[in-house]
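Biologist: I have a model open and would like to learn how to read it. Could you walk me through its features one by one?

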Amino acid sequence: MVPTTSASSRRTVISVFAALGLVVAAMVTLSATGLAVKPVNGQALAVLEEVPGPESGPTCAVDKRYVDEDTFGMRPDVVEAWNAMRAKAKAQNITLCVNDGKRSRGQQQREFDKAVERFGSVEQAKKWALQPETSMHVKGIAVDIQPLNSAAWVDKNGGPLGWCRRYDNEKWHFEYDPAYKTAGCPALLPSATGN
């Protein structure tokens, strides 16, 4: 015997799915406009940290080994700063590709778990990947730039634009902070763990 549902039950289920769809659409729209990811004093950045970044992107135009992800999910000021730096680089015939940008907590945890598997221990993995609670990719202010000659251009020219390389062992990892424009880049840490 096939169970039957009443018309009112079907309408209720359809209404619930429609409401969920509208909530998801509203969240995506607000995130895209930057309204959902602006920090509010005294509140956690939980919304921003849960926004996933792209899983991939089109092939990098100057080096097919890499992708060039969209900047979706990053804070609006970071996207604006990225676009300004990319335009300056382009004016000097340098192509910058975002091989990896925004990640959600879940995406970062997967990256960290892969690093543990690859390097054999949590301590070794921390030299190359951070756990979600400490990653600037999760906070939406970090990009991994490829190819390495493009990353070298950013290392040399990014500071006055607010972009600084943070780790000596990651020549591709840059973080944005508007304070870098005037204060300059902080000293490099040996690795993500600081040692």
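Biologist: In what pattern do helices and strands follow along the sequence?

Modeller: Helices (H or I, at least four residues) and strands (E, at least two) are DSSP runs, numbered from the N terminus. Here the order reads α-α-α-β-α-α-α-β-α-β-β-α, made up of eight helices and four strands. Residues are numbered from 1 along each chain as its sequence is written. Keep in mind that this is a predicted model, in which local features need pLDDT of at least 70, side-chain atom pairs count only at pLDDT 80 or more, totals for chains, interfaces and linings use all residues, and side-chain values use heavy atoms, with hydrogens and water left out.

Biologist: Which strands does β4 pair with, and in what sense?

Modeller: Two strands pair if DSSP finds at least two bridges between them. Strand β2 (residues 142-146) is antiparallel to β4, with three bridges between them. Strand β3 (residues 163-165) also runs antiparallel to β4, again joined by three bridges. For single positions, look at valine 143, which stands opposite phenylalanine 174 of β4, and at cysteine 164, whose bridge partner in β4 is glutamate 175.

Biologist: Which way do the side chains of β4 point, and are they buried or exposed?

Modeller: Buried means under 20% relative accessible area, exposed over 50%, and partly exposed in between (1.4 Å probe, protein chains only). In strand β4 (residues 173-176), His173 and Glu175 point one way, Phe174 and Tyr176 point the other way, and all are buried. Across the protein, 38% of the 195 residues count as buried.

Biologist: What does the accessible surface consist of?

Modeller: Accessible areas come from the Shrake-Rupley method with a 1.4 Å probe; for residues, only the protein chains shown count as cover. The protein exposes about 11300 Å², and carbon and sulfur atoms supply 59% of that area.

Biologist: How many disulfides are there?

Modeller: A disulfide is a pair of cysteine sulfur atoms within 2.5 Å. The structure holds two, in the pattern 1-2, 3-4 when bonded cysteines are counted along the chain. One of them joins cysteine 60 to cysteine 97, S to S 2.1 Å. Its link is right-handed, with 80 degrees about the S-S bond. Cysteine 60 sits in the loop between α2 (46-50) and α3 (76-91) and cysteine 97 in strand β1 (residues 97-100), so this pair ties together parts that are 37 residues apart in sequence. Cysteine 60 and cysteine 97 are both buried.

Biologist: And what is the handedness of the link between cysteine 164 and cysteine 185?

Modeller: That link is left-handed, with -80 degrees about the S-S bond. Cysteine 164 belongs to strand β3 and cysteine 185 to the segment after α8 (180-183), so the disulfide ties together parts that are 21 residues apart in sequence. The sulfur atoms of cysteine 164 and cysteine 185 are 1.9 Å apart. Cysteine 164 is buried because its relative accessible area is 1%, whereas cysteine 185, at 40%, is partly exposed.

Biologist: How can I read the fold through its contacts?

Modeller: Contact means heavy atoms within 4.5 Å. Among contacts with a separation of 6 or more, 58% come from residues 24 or more positions apart.

Biologist: Where is threonine 134, and why does it count as partly exposed?

Modeller: Threonine 134 is in the loop between α5 (122-125) and α6 (136-139). Threonine 134 counts as partly exposed because its relative accessibility is 41%. C-alpha to C-alpha, threonine 134 and arginine 105 are 9.9 Å apart in space, and 29 residues apart in sequence.
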